[in-house]
Structure formats: structure tokens, C-alpha cells
Amino acid sequence: MAGYFSIFLVLLTLGSGLIWLIDHFMFAPKRQQRIALAQNAAGGELDEETAALIAPEPSITETAKSIFPMIAAITIFRSFIFEPFQIPSGSMMPTLLVGDFILVQKYSYGIKDPIWRTQLVDVDEPERGDIVVFKYPLDERIDYIKRAIGLPGDKIVYRNKHLYIQPKCEEGVEQQGNLLCNEYNKIDMEILNSDEFKQGSMNLVRLEENLSPLNHNILINPEALEMKGRYYQQPGTRSDEWVVPADHYFMMGDNRDNSQDSRFWGFVPKENLVGKAVFIWMSFEFENGPDDFLPGWVPTGVRFERLGNIQ
């Protein structure tokens, strides 16, 4: 839906701008001539009401002139600077909750045209730990949001609910952040609590994961079985191991046992990146909680404490 809306905005901007230009160069001068002839015949200046009756401006032109500046500003802001998104599921809990409204920095990973998404300007690459919005590789009409875990060339293992990373390092480099090169690093986790979040009747454990270059919180369901049989099987690797190809990224949700991510469908190509999630600008809570949330439900309160930068 976000893609269709972008196309709609671009077409509306181009259409209103084109109507304005055609009128300015073709029809407005003819209206001015009619008004000038009427003024000569009357022997003086005409008031605005009389001039409008003699040479009326078409309503479509008037509308185009009034909306074009505003629509053009919105299109530029939304296409190249920041775009608002709503969190639709609990796959990024506890970092992002259902009902959070976020801003995505569109230029973080390059500037793309809003229709064909062709890369116009290279800016930067995702860093490990970034929360990224991207086009779902299996259906690019859908926007997904996950955390970048594996960068191009990294080797990833997810086993027994623990994450292991062997980073790709430049020749001669021995360490990348807090990760050692040429070996699998078991990512440290520290339990914070086990009674804050529930999935059905089961308590979820909240942990702090020390993923270079920053720490973030994740949720683990200790009673949930790992679904290795459903994992994406990369040729030449074990069922719970992956090697990230060039210009691709391995994405995972922070709610590890309730997230459809790269473990299940593979890697995200660079061209699918939309931007980096940077700010929560509004957060609504719902009476029946995130698990029962349906679009269109009326919020029961605002979580002001959640507003701010996203970690």
C-alpha cells in the first residue's frame, strides 16, 4: 500500500504542476489580453470581481495552483527525507510495539526514485544493529521492518536460541567492534525480566543482547521449539547456518520466537532497502493488547513514554 501511495503522490504532483505550467504559458496570457481589452474599452482599471467574470480562471487550474506547492513538498519529504510507518505486528517487540508510529529516514542507505526505486545517489550501508524497513523479498508490495544482524560476507548461526556471528573482516583486521574476526562469536545476552511480556499463557524472557556496536533488547519464549525444518536452506550450509551474499543482508526480529525473518525466507537485497527507523513520534495502546490488535480499533491511550529515538 505504501508503494501505491507513493505513486499516487508523484502522479498528483506531476499532474497539478503540469496543469499549472500549461495554464501559465498558454492560457493565462490570453486571459490577460481579454482583461486588457476590457480595461481599454472601459477607460480604466477593472476590479478583481469584474476581471474574473470577463476572463474566469478554470476551476481545475485554480485547484492545481493551490495544491501543487503543498503536494510537492509532501512528496519530496516523504520520498527522499522521512516517511511515516505504523508497526503492524509484534515481531519487533520489545523495541517496537503494535501501535507505535515511526519515522523512517529514507536517505540513510541511498536516495531512490519513488516509483521505480532506482538508486540515484549512494549514501551509506546498513550497520549491524540498525532497524531497517525494506521491501519483503517474496512480495515487494509489502514493507517489513527488522534488525540488520548479518552484513555482506558475514557467517550467521542461530542455534538453541543463541546467535553466533563470524564477521567478514578486511585483511589484517583482527576485530570488528566487539566481534573477533575468523571465528564465530557467541553474542552475549543478559536476562532483564521474565514477567513483562506474555504470548498466550507463556511468559517471554526479556534479555539485553550485546550486538556490536550497540546493545538492544530481545524477547525469547523458552518453551517455543526452534523450527529448523522451516528455515531457509542455503546451499552448502547447515539448516541453522547462513553466509550472507554480497550486497545482501540478514534480518531478524527482536521477538525471536514470533518473527518471520531471514531465518525463514533468506536475505534482503540492497535494492530492497527503504530506510532506517529512527524515531517514534506517536504510540497508542489498545484495550485488548497487541495480540488482539486489528486495524481500525479505537486506541484507549497514548504511551507518551515511548516517544523518542529508537534504540
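Buried means under 20% relative accessible area, exposed over 50%, and partly exposed in between (1.4 Å probe, protein chains only). The model is predicted: local features need pLDDT (the predictor's confidence in each residue, from 0 to 100) of at least 70, side-chain atom pairs count only at pLDDT 80 or more, and totals for chains, interfaces and linings use all residues. Residues are numbered from 1 along each chain as its sequence is written, and side-chain values use heavy atoms, with hydrogens and water left out.

**Exercise 1.** Locate the disulfide and state the burial class of each cysteine.

*Solution.* Step 1: The structure holds one disulfide (a pair of cysteine sulfur atoms within 2.5 Å). Step 2: Cysteine 169 and cysteine 181 form this link, with S to S 2.0 Å. Step 3: The angle about the S-S bond is -90°, a left-handed link. Step 4: Cysteine 169 has 23% relative accessible area and is partly exposed, whereas cysteine 181, at 7%, is buried.

**Exercise 2.** Describe the surroundings of serine 6.

*Solution.* Step 1: Serine 6 belongs to helix α1 (residues 2-42); helices are DSSP runs of H or I, at least four residues, numbered from the N terminus. Step 2: Its relative accessibility is 11%, so serine 6 is buried. Step 3: Beyond neighbours within four places in sequence, serine 6 is in contact (heavy atoms within 4.5 Å) with Arg78 and Pro114.

**Exercise 3.** Identify where pLDDT stays under 50.

*Solution.* Step 1: The mean pLDDT of the protein is 90, and 95% of residues reach 70 or more. Step 2: Residues 289-295 stay under 50. Step 3: Where pLDDT is low, predicted coordinates should not be read in detail.

Key. Helices (H or I, at least four residues) and strands (E, at least two) are DSSP runs, numbered from the N terminus.
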